[in-house]
Amino acid sequence: MGEVTDYIASLDGQDREAVQHVYDRARALVPEAEEGVGYGMAALRYRGKALIAVQAAKGHLGLYPFSPEAVAAVASDLAGFSLSKGTIRFSADRPVPDDVLDRLILTRREQIDGG
């Protein structure tokens with residue numbers, strides 16, 4: 001098993017399902033992504049760089065695309081979500097919409113491909 005698989009297995013209930021969903025979308029869009037670590041978090045890595053990570057925190061789930069520019073690219077479609085420079089906070093009850101999640105993942109992949 002890898003870092004992401006082990007991390008997901010450590011979660012319970014709705015948080016586990018929500019985190020699994022994000023990673024499933026990322027794997028479908030970037031099948032070459034591999035499990036690893038990015039900035040100390042279990043993450044999917046693509047071409048040697050961190051692609052995306054999701055971590056459970058007290059009171060929310062954090063989505064980390066390792067790119068302030070990727071967050072900015074979808075920020076206008078995330079009204080009502082808590083955002084910071086490199087983080088999107090969501091919950092199992094209020095997940096990031098799939099179309100926005102897909103754009104975020106693809107934006108990050110394009111950044112890695114471009115440089």
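Here are some friendly notes on the structure above, which is a predicted model.

1. **Overall layout.** Let's start with the whole chain. Its secondary structure comes to four helices and six strands. If you read along the sequence, the pattern is α-α-β-β-β-β-α-β-β-α, so try tracing this order with your finger on the picture.

2. **Size and shape.** How does the radius of gyration of the protein chain agree with that of a compact globule? For 115 residues, a compact globule would have a value near 13 Å, and the protein chain has 13 Å, so the two agree. Along its principal axes, the C-alpha trace spans about 35 × 35 × 25 Å.

3. **Inside and outside.** Of the 115 residues in the protein chain, 42% are buried. The chain exposes about 5,900 Å², and carbon and sulfur atoms supply 48% of that area.

4. **Contacts along the sequence.** Take the contacts in the protein chain with a separation of 6 or more: residues 24 or more positions apart account for 50% of them.

5. **The nonpolar core.** Which residues have the most contacts inside the largest nonpolar core? They are Tyr23, Ile52, Leu63, Phe90 and Val96, in a core of 38 residues. Helices and strands both take part: the elements giving two or more residues to this core are α1, α2, β2, β3, β4, α3, β6 and α4.

6. **Ile52, a core residue to look up.** Ile52 falls within β3 (49–57). Setting aside neighbours within four places in sequence, Ile52 is in contact with Val22, Tyr23, Ala26, Ala43, Leu44, Leu63, Tyr64, Pro65, Phe66, Leu104 and Ile105. Two of these partners, Tyr23 and Leu63, also appear in the list of residues with the most contacts inside the core.

7. **Thr87.** You will find Thr87 in strand β6, which covers residues 87–90. Is Thr87 buried or exposed? Its relative accessible area is 10%, and buried means under 20%, so Thr87 is buried. Not counting residues up to four places away in sequence, Thr87 touches Gly62, Leu63, Tyr64, Val71 and Ser82.

8. **Asp102.** Now move to helix α4, where Asp102 lies. With a relative accessible area of 17%, Asp102 is under the 20% cut-off and therefore counts as buried. Leaving aside neighbours within four places in sequence, Asp102 is in contact with Arg25 and Leu29.

9. **Charges.** Finally, how many positive and negative side chains does the protein chain have? There are 13 positive and 17 negative ones, and the centres of the two sets lie 6 Å apart.

Key
Residues are numbered from 1 along each chain as its sequence is written. This is a predicted model: local features need pLDDT of at least 70, side-chain atom pairs count only at pLDDT 80 or more; totals for chains, interfaces and linings use all residues. Side-chain values use heavy atoms; hydrogens and water are left out. Buried means under 20% relative accessible area, exposed over 50%, partly exposed in between (1.4 Å probe, protein chains only). Contact means heavy atoms within 4.5 Å. A nonpolar core is a set of buried Ala, Val, Leu, Ile, Met, Phe, Trp, Tyr and Cys residues joined through side-chain atoms within 4.5 Å. The radius of gyration is taken over C-alpha atoms; the globule rule is 2.2 Å times the number of residues to the power 0.38. Accessible areas come from the Shrake-Rupley method with a 1.4 Å probe; for residues, only the protein chains shown count as cover. Lys and Arg count as positive and Asp and Glu as negative; His and the chain ends are not counted. The place of a charge is taken as NZ of Lys, CZ of Arg, CG of Asp or CD of Glu.
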